[in-house]
Amino acid sequence: MVMKSSVEDDDVGWGLGVPEKMRNNANWVDITHDFKEACKELSLGELLHDKLFGLFEAMSAIEMMDPKMDAGMIGNQVNRKVLSFEQAVKDGSIRVRDLSLPELIGIMDTCFCCLITWLEGHSLAQTVFTCLYVHNPDLIEDPALKAFALGILKVCDIAREKVNKAAVFEEEDFQAMTYGFKMANNVTDLRVTGMLKDVEEELQRRVKSTRSRQGEQRNPGVELEHQQWIALFSRIKFTRLLLTALIAFTKKETSSVSEAQKLMQQAADLLPALHSSIEHGIQYQNDTTKGDQPIMMGFEPLVNQRLLPPTFPRYAKILKREEMVNYFSKLIDRIKTVCEVINTTNLHGILDFFCEFSEQSPCVLSRSLLQTTFLIDNKKVFGTQPMQDMIKDALRYFVSPPVLSSKCCLHNNHQAKDYIDSFVTHCSRPFCSLIQIHGHNRARQRDKLGHILEEFATLQDEAEKVDAALHSLLMKLEPQRQHLACLGTWILYHNLRIMIQYLLSGFELELYSMHEYYYIYWYLSEFLYAWLMSTLSRADSSQVAEERLLEEQQKGRSSKKTKKKKKGQGARPLSREITMSQAYQNMCAGMYKTMIALDMDRKVRKPQFELDSEQVRYEHRFAPFNSVVTPPPVHYIQFKEMSDLKKYSPPPKSADLYMAASKHFQQAKLILENVPTPDPEVNRILKVAKPNIVVMKLLAGGHKETKVLPEFDFSAHKYFPVVRII
Amino acid sequence: QNMLINTDGPSGRGELSSYSSRARQKLESLLNKNMRIRMTDGRTLVGLFLCTDRDCNVILGSAQEFLKSSDSFSQGEPRVLGLAMIPGHHVVSIEVESDSLVGTQGFGSSH
């Protein structure tokens, strides 16, 4: 019997409040014969039912004795007896002491695999809790196994808590239900790490006592034992480090994040030892007398079958031991990356960090750790800075609004302060939501980005009003300064970022058909990136204006200072972003023209059914943009007008368009090759731009004879394909 | 084949033989009553009788599954299933509470 805790808020409808009479006290009368006879009087296909119960309800009933739907059936299909931990201990089929080293190693490795399988989205009942030992570690007498079982429970408990708190998961990411299992909550975290440390030290003594000595001849039996002690020691230490790192993440101080990073590195250092010793662990036992599937000692896959909800049974395939170390290695890398976030201090930098981290499609645990590290207890950024302050800093960095400058008279003006404070407060929630959105898995993220545009449209509205109010205030006090569109520019920038991310992620998620590429890329290059460029340059001018004003104010104080400022003028803060946007815009323009040209040459497969409408598809793709005011959405008719090639005389032919596309890719290549410190993203785009320059030239030169349709290869860059013609 | 949903009461089917209509009445009188069905693999389901058809496929609501046990059902926690359908050919026995049979004709006399 699994030990259930008394209060479990996870349990959903688990037979609580079942009327007593349902069980066994009622006086049951057998009516089998009469019932069956009566049924024979019904017509073929006739259903006899209450008027409130119909086919719709009937359809959702689970069919018993169908293995796809009846999770309880499988217990009857196996030849072995499915025992609980306590039952197995009593009847001697499981040992809690005197376990051999290979047995311990095998059990621990299988447990690790179960843990990983759980983290990858399966239920606890079908993974970690198929290990009987974790049902009740108090009954375990072997100290290593006992400490290990408690360690695993604690790891699960903390992981679960983190994932729940961060709230960046959906049902496909993670199963949080604990089915009433006790997660070692009668022992403190510290006690468990202490137990693991004690075992570790004892094991270290064993390792030392079996090591080879100089001049002695090596006994192979002792050598094997030595290797096995090392194997066990490494596993216990790994568990302790993993647990301690997770515990560090639960602390509120940012210093504990650095501690976690160090612990994770130490854990990574143990991985080679883990990998090379997997072979020492016992394997799954094939009990040929009973003819069932092989079972691992100490594990019973069906022990929790009756706890599973009555949905159709989901069989959790436990990870293979050979893949265990590889997974841990990647998980540790992700967690170490997460720890880096505390080194970024400005909001835009943090947003970029979250976006980049998300791009590698990280696991739910690492995503959750990132969220909870950023907003500790959802109040302050890294536990220290209020969101409002970060927003003000972001505004200063991006657009230098006079109202936030200490050199501006508005800084001490009560009314101005009220305006800006209220605006910044209203910005907090949408930006926190935006950061949370970037913590979801890629598919859900796209959907949520579409929805948050509504909130940002409201912010945009408010920004314009506050700008206008501040501007009129400023005109009265400092006529040479202006406060037009400062806040508005900043919000617009974020709006555009979201819209661009929304459209680009459609390529990553393979949502668009080939015949849609042209309008998606058009919207990006001719519209969104164009707006983004002008927004960035407006922000830049605003910064320059503010800097010039400060220089003038400081004139006469020290000529050295002004000289320094002129030197620093070289790399403007937004220049990299402007450069990258230019590159992206050219890539999109190149793709857009390529697609139009391919279409002219009848190389794009289009849908050919009677009720087809490109307008409907287009409107659907850009539907989330309808709530945005600036930039105003481009409707289909407008798009058709704006992109109509007939307005040129003579209208371009496909060869002209291929050449134009080639030039765009060329331009992108030039821009990117001049980027001072190229990051991996720059190189990825170049891997696409370079071949496309060539392909477009070929197509322009009349490579049209082939009837084979072009292929789009997104393997180098998930947003921009290399066009391949065979 | 059309699915004839019997939404009217027995009064709507006067043209059928009185034996058929009595059979339907008997079955209808059991609707929404507690029912206990033992299946071919030894498991027992207890739930509210909601629906049946000619092949004796039965749908139970708020169904609970009890595993086979040598003595009574007091052993073992039931597994809550919700809405469950037992195919007719897997039904070994059907039981209802004696209270459910009060006032109806035909069913239940000791067999």
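B:Glu65 is a good place to start: this residue is buried, with a relative accessible area of 0%. Keep in mind as you look around that the model is predicted. Confidence in chain A averages a pLDDT of 89, and 93% of its residues reach 70 or more. Below you will find B:Glu65 and its chain, then a pocket, an exposed loop residue and the stretches to read with care.

**B:Glu65 and its surroundings**
- You can find B:Glu65 in strand β3 of chain B, which covers residues 58-66.
- The side chain of B:Glu65 makes a polar contact of 2.6 Å with the side chain of B:Arg43.
- Leaving aside residues up to four places away in sequence, B:Glu65 touches residues of chain A, namely A:Met64, A:Asp70, A:Gly72 and A:Arg306.
- Within chain B, its contacts include B:Thr44, B:Leu45, B:Glu77, B:Pro78, B:Arg79 and B:Leu81, as well as B:Arg43.
- B:Glu65 counts as buried because its 0% relative accessible area falls under the 20% cut-off.

**Chain B as a whole**
- Chain B has one helix and five strands, and they run in the order α-β-β-β-β-β along the sequence.
- Chain B has 111 residues, of which 51% count as buried.
- If you take the contacts in chain B between residues at least 6 apart in sequence, 43% of them join residues at least 24 apart.

**The second largest pocket**
- This pocket holds about 1200 Å³ of space.
- Its lining is made up of 37 residues, and those closest to the centre are A:Asp352, A:Glu356, A:Glu359, A:Tyr584 and A:Glu681.
- By type, the lining has 14 nonpolar, ten polar and 13 charged residues.
- Helices of chain A that each supply at least two lining residues are α11 (347-359), α15 (442-477), α16 (486-508), α17 (517-554), α19 (575-600) and α23.
- The biggest share comes from α16(A), which gives seven residues.

**A:Thr677, an exposed loop residue**
- A:Thr677 sits in the loop of chain A that links α22 (654-673) with α23 (680-700).
- A:Thr677 is exposed because its relative accessibility is 54%, and the cut-off for exposed is over 50%.
- The C-alpha atom of A:Thr677 lies 9.8 Å from that of A:Arg576, although 101 residues separate the two along the chain.

**Stretches to read with care**
- Residues 1-22 of chain A stay under a pLDDT of 50, and the model gives them 45 contacts beyond four places in sequence.
- Residues 561-569 of chain A also stay under 50, and here the model has four such contacts.

Note on methods:
Residues are numbered from 1 along each chain as its sequence is written. Chains are lettered from A and ligands numbered from 1 in the order in which they are written. This is a predicted model: local features need pLDDT of at least 70, side-chain atom pairs count only at pLDDT 80 or more; totals for chains, interfaces and linings use all residues. Side-chain values use heavy atoms; hydrogens and water are left out. Helices (H or I, at least four residues) and strands (E, at least two) are DSSP runs, numbered from the N terminus. Buried means under 20% relative accessible area, exposed over 50%, partly exposed in between (1.4 Å probe, protein chains only). pLDDT is the predictor's confidence in each residue, from 0 to 100. Contact means heavy atoms within 4.5 Å. On a 1 Å grid over the protein atoms alone, a cavity is a set of points where a 1.4 Å probe fits but cannot get out, and a pocket is an open set with protein on both sides within 12 Å along at least five of seven lines; lining residues have an atom within 4 Å of a point. Grid points are joined across faces, edges and corners, and a volume is the space filled by probe spheres set on the points. Ala, Val, Leu, Ile, Met, Phe, Trp, Tyr, Cys and Pro count as nonpolar, Asp, Glu, Lys and Arg as charged, and the others, Gly among them, as polar. A polar contact is a pair of N or O atoms within 3.5 Å; within protein, one must be able to donate a hydrogen and the other to accept it, and residues adjacent in sequence count only if both atoms are side-chain atoms.
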